[in-house]
Structures are given as structure tokens and as C-alpha cells.
Amino acid sequence: MEDDPPREAQKWIEDLSRGASSHGLETLNLKGLQAIYVQKGLIHCDLVVPDCVSDKDGNWHVGAISTLIDDVGAAAIFSFAGHVKASVDFSVSFYSTAKIQEEVEIEAKVVGHRGRLSSVVVEIRRKSNGELIALGRQWMSAATIIPSHLSKI
């Protein structure tokens, strides 16, 4: 499996959702996430929004949505590059909300790659009608520090 980044990315995101390889925050936010389709640079997931990520009005909390976008976007980049990178730019636009126990679809697609930088776009849509709930854009960079480029300061 070591030479199959899409399969490794799928295992990584599914392990996060089960709490097998994460901290509590990811496990709560990704609880029940199913990776439906994974190929190099593209991931489709389904999720029934879990009770534990609600705001005071019974909606999916925007912080939980942002965490999910970060994790699924990282998995898409993992499926492309073969390793996890660190976020260097992250933005989310919210268009609608979802209620707890509502079904949503998540699509993460690598849209750019240059050197150590990769860019991903993540869309979350209501499964019942395709309405856009949130759109995330993220740039990630390889986290390896190369000693010859260290600052002299």
C-alpha cells in the first residue's frame, strides 16, 4: 500500500473519522465520514452531520465545518502528493447551513501544484438538493525544513 497515495489517503481520513489516528477534535468533526470515491487528487465523501458538532440553534457549527474542510482537503493533497502538508493559506465561504443529522456530500479536488505548494478546493453540498453549504480554498506546503535554507538570524 505504500506506493498507492489515494488508498493511503482514504485509510488516513477513515482512521481520523474513527479516532484511530487523531486527536479528539478530528474524531468529533469527522464522526461517521465515509470516503465514497478516492483517486489521485480527488476525494468524494458522505457525512450525516453528527449531534456533537451543533451550535446553539441545532445547526452544524461553522468551526466544525472548517475543521472538516481542512482535514478532507489535506487528504486530497495526500492522495496527490503522497504525504500530508501544512496549511499556509486557508479560507472558507459559507453559503448556507445544515442541520444536525442532515446528509451532506463533500468533494475535495487538488486544483494546483507547483514545487512544494499544492492547492485544493473543498465543496460541501446538501445531499438532498445539491445546495452549496460551504466552499473552502486551501494552500498547503511540504513541511520539511531544508537545513541549507535556514535563516541566519
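Below, a colleague asks a modeller about the reasoning behind some descriptions of this predicted model.

Colleague: Let's begin with the overall layout. Which pattern does the chain follow along the sequence?

Modeller: Happy to! The pattern reads α-α-β-β-α-β-β-β-β, and the chain has three helices and six strands.

Colleague: Why is α1 called roughly antiparallel to α3?

Modeller: The axes of α1 (residues 5-18) and α3 (residues 62-81) cross at roughly 160 degrees. Angles over 145 degrees count as roughly antiparallel, so α1 is roughly antiparallel to α3. Their axes come within 7 Å, and α1 passes α3 in a right-handed crossing.

Colleague: Which residues of α1 and α3 meet?

Modeller: From α1 there are Pro5, Pro6, Glu8, Ala9, Trp12, Ile13 and Leu16, and they meet Asp71, Val72, Ala74, Ala75, Phe78 and Ser79 of α3. By class, this contact has 10 nonpolar, one polar and two charged residues.

Colleague: Good, now the sheet. What makes β1 and β3 the edge strands?

Modeller: The order of the six strands is β1-β2-β4-β5-β6-β3, in an open sheet with antiparallel pairing. Both β1 (34-39) and β3 (86-94) pair on one side only, and that makes them the edges. From one strand to the next, the twist averages 15 degrees.

Colleague: How do you know that β2 and β4 pair?

Modeller: Two strands count as paired if there are at least two bridges between them. Strand β2 (residues 42-48) and strand β4 (residues 103-114) have seven bridges, in the antiparallel sense, so by that cut-off they pair. Within β4, Lys109 is the residue opposite Leu42.

Colleague: And what do we know about how β1 and β2 pair?

Modeller: They are joined over five bridges, again in the antiparallel sense. Ala35 has Cys45 in β2 as its bridge partner. β1 and β2 form a hairpin with two residues between them. In that turn, Gly41 has a positive phi of about 80 degrees.

Colleague: Last one, on the chain as a whole. How much of it counts as buried, and what does "buried" require?

Modeller: A residue is buried if its relative accessible area is under 20%; of the 153 residues, 42% count as buried. As for contacts between residues at least 6 apart in sequence, 62% of these join residues at least 24 apart.

Note on methods
Residues numbered from 1 in each chain as written. Predicted model: local features only at pLDDT ≥ 70, side-chain atom pairs only at ≥ 80, totals over all residues. Heavy atoms only, no water. Axes fitted to C-alpha atoms, helices over the stretch in contact; angles between N-to-C directions. Helix = DSSP H or I, 4+ residues; strand = E, 2+ residues; numbered from the N terminus. Parallel < 35°, antiparallel > 145°, perpendicular 65-115°, else oblique. Left-handed = near helix turned anticlockwise from the far one by under 90°. Contact = heavy atoms within 4.5 Å. Nonpolar A, V, L, I, M, F, W, Y, C, P; charged D, E, K, R; others polar. Buried < 20%, exposed > 50% of the residue type's maximum accessible area, 1.4 Å probe, protein only.
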